[in-house]
Amino acid sequence: MKKIIVIASLIVISLSGNLMAKTGFEVNVLFPFGVSLGTYNGTDASKYTKSDAGFEFGIHVIPGYYFGISNIALGIGLDIGYQKDVFAFGIKGQKGKYGASFDSFNLGLLPRIDVGFISIGIGGGFKFPISGLMYQKLSSDSIGSASLYDTKTIYKEFNKPFIPYVKATLDFILPLNITAGIYIAYDIPFMESKTYDFKLSSVDLGAQIGIRL
């Protein structure tokens, strides 16, 4: 019985702390993971491709500062981290698929508003691919092929080799400053092939867990 009372007291204290607006510096570490839906832009892309899904994940460190106003906290933070992006496409009239996968350095801004246990963020920035691969699988029975890309090759194959993005997040602040939530993001069609008429873009949907320090 005593253990139950102690645990309940700790939970109440943690929840009460989350209800109070905070002011000061904070670091949020996030682990997003979800589905990336490739979208096509350009003449070649619209002729031959259709959207397909890929798995993405990352780790983001968001240092920021909060201003407390009554029970509302307004925060502005940098969005710095690693992101694994996938731009997946199907081939019209066939069972095959192809796409690109990049390991990117992420740099952006993520303003947030915290009300009680809820944290809402809307921001954006840029992702800078540093390595990756292009892959192709002509049918469900084929083995497929992949070409590894380093940073030099990425700059050789693409104009404007960086990816602008916008993102919205919804997180729930749990006891012990653990967070759990969802996100939606859009990779803006800016990274353009030098060989074919298409630009890479995607809609990203997923979940994220994290901790605030």
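Two strands are taken as paired if DSSP finds at least two bridges between them. With that in hand, the predicted model can be read strand by strand, and a good place to begin is the hairpin in which I113 stands opposite I120 of strand 7. This pair belongs to the antiparallel pairing of strand 6 (residues 112-115) with strand 7, which runs over four bridges. Two residues lie between the strands of this hairpin, and G116 there takes a positive phi near 65°.

Strand 7 has further partners, and it is worth following them in turn. With strand 5, strand 7 pairs in the antiparallel sense over 13 bridges, the two strands covering residues 97-109 and 118-137 respectively. Here N106 has K127 of strand 7 as its bridge partner. Strand 10 (residues 163-173) also pairs with strand 7, again in the antiparallel sense, over ten bridges. In that pairing the bridge partner of F126 is P164 in strand 10. Strand 8 (residues 145-150) joins strand 7 through six bridges, likewise antiparallel, and L133 stands opposite L148 of strand 8.

Stepping back to the whole chain, the model holds three helices and twelve strands. Of the 213 residues, 38% are buried. Among contacts between residues at least 6 apart in sequence, 66% join residues that are at least 24 apart. The chain exposes about 11,400 Å², of which carbon and sulfur atoms supply 71%.

The interior can be introduced through its nonpolar residues. In soluble globular proteins, nonpolar side chains tend to be buried together. In this model the largest nonpolar core has eleven residues, namely F87, F89, A100, F102, Y149, I154, F158, I163, M191, F198 and L200. Strand 4 (72-91) and strand 5 are the elements that give two or more residues to this core. One of the core residues, F89, makes contacts with residues more than four places away in sequence that include G38, T39 and Y40, together with T49, K50 and D52. Its contacts also include K97, Y98 and G99, as well as L200 and S201.

A polar residue in the interior also invites a closer look. How buried or exposed is N28? N28, found in strand 1 (residues 24-41), has a relative accessible area of 1% and therefore counts as buried, the limit being under 20%. The side chain of N28 nevertheless has polar company: a polar contact of 2.7 Å joins it to the side chain of R112. In addition, a polar atom of the N28 side chain lies 3.0 Å from the backbone oxygen of I211. Leaving aside neighbours within four places in sequence, the residues in contact with N28 are H60, V61, I62, R112, T179, I211 and R212.

Finally, the loop between strand 10 and strand 11 (178-193) deserves a friendly word on its backbone. L176 is found in this loop and has a positive phi of about 65°, although it is not a glycine. N177 is found in the same loop, between strand 10 and strand 11, and its phi is also positive, at about 60°, again without being a glycine. Where do these residues stand on the scale of exposure? L176 has a relative accessible area of 67% and so is exposed, the threshold being over 50%. N177, at 36% relative accessibility, counts as partly exposed because this value falls between the limits for buried and exposed residues.

Methods
Residues are numbered from 1 along each chain as its sequence is written. This is a predicted model: local features need pLDDT of at least 70, side-chain atom pairs count only at pLDDT 80 or more; totals for chains, interfaces and linings use all residues. Side-chain values use heavy atoms; hydrogens and water are left out. Buried means under 20% relative accessible area, exposed over 50%, partly exposed in between (1.4 Å probe, protein chains only). Contact means heavy atoms within 4.5 Å. Accessible areas come from the Shrake-Rupley method with a 1.4 Å probe; for residues, only the protein chains shown count as cover. A polar contact is a pair of N or O atoms within 3.5 Å; within protein, one must be able to donate a hydrogen and the other to accept it, and residues adjacent in sequence count only if both atoms are side-chain atoms. A nonpolar core is a set of buried Ala, Val, Leu, Ile, Met, Phe, Trp, Tyr and Cys residues joined through side-chain atoms within 4.5 Å.
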